[in-house]
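I wanted to look up how the aromatic rings are arranged here, and which charged side chains go with them. These are my notes.

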Amino acid sequence: MKLSHFFTTLIALQGISQAEEPYRVLAGGLVKDYGVASDVMQLHSLMFDSKPRKNHPIKVQIAGLFKDTISKGSKVAVNVKYEAINLLKLDIDFCDFIVNIGTGLKCPISPGQFNVSMTQKISSFTPPGKYQFTLTGYSSKRARLFKDIAEFKL
């Protein structure tokens, strides 16, 4: 095999391996939902009342369907990036997460439709730049709940 063919093949394979999985865009382009049919949580809609800004409340409305009971022991993998720098990477209990962000939901969550609304405020001390939040949820049985990525600039 000629060296040029080797590099052409290598570049083509690299492009295939870096292909992004399918997603749909929500919240005016701020959120990518990577939901698949087998996810326990099916996201129907996600809306922000305004673009994220420092020291300004933003109302988030989320509607969807839980296909199975969500119980203590379910996890959310959280990854926060500022520009290209990883700021935070942790696994937290899903039940604690939904209580702490003010959804009004409590565990165990029974199967069925959900519609939650919450208001969050970005601190005035948050530096300007591009932020990316990747959230991937897993049930206590290790079934994937959801995967969503939010990106915005301040």
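Over which ring does the charged end of Lys147 sit? I looked it up in the model, which is predicted. The ring is that of Tyr34, with the charged end of Lys147 5.0 Å from its centre.

I then checked how far Tyr34 is exposed. Its relative accessibility is 3%, so Tyr34 counts as buried, the cut-off being under 20%.

Next I listed the aromatic pairs, and the structure holds 6. Tyr34 forms one of them with Tyr23; the centres are 5.3 Å apart, the planes stand at 50°, and the pair is tilted. I noted where the two residues lie: Tyr23 is in the loop between helix H1 (3-17) and strand S1 (24-26), and Tyr34 is in the loop between strand S2 (31-33) and strand S3 (41-48). They are 11 residues apart, and the pair links distant parts of the chain. Tyr23 is partly exposed, at a relative accessible area of 37%.

I went on to Phe94 and Phe146. Their ring centres are 6.1 Å apart and their planes are at 55°, so I entered this pair as tilted. Phe94 belongs to helix H2 (residues 94-100) and Phe146 to strand S9 (residues 144-153). With their positions 52 residues apart, this pair also links distant parts of the chain. Both Phe94 and Phe146 are buried.

I also found a cluster: ring pairs link Tyr82, Tyr131, Phe133 and Phe152.

My last entry is another charge on a ring. Arg142 lies over the face of Tyr138, 4.6 Å from the ring centre.

Notes. Residues are numbered from 1 along each chain as its sequence is written. This is a predicted model: local features need pLDDT of at least 70, side-chain atom pairs count only at pLDDT 80 or more; totals for chains, interfaces and linings use all residues. Side-chain values use heavy atoms; hydrogens and water are left out. Rings of Phe, Tyr and Trp (its six-membered ring) pair if their centres lie within 6.5 Å; planes under 30 degrees apart count as stacked, over 60 as edge-to-face and the rest as tilted. Helices (H or I, at least four residues) and strands (E, at least two) are DSSP runs, numbered from the N terminus. Buried means under 20% relative accessible area, exposed over 50%, partly exposed in between (1.4 Å probe, protein chains only). A charge sits over a ring if NZ of Lys or CZ of Arg is within 6 Å of the ring centre and within 35 degrees of the ring normal.
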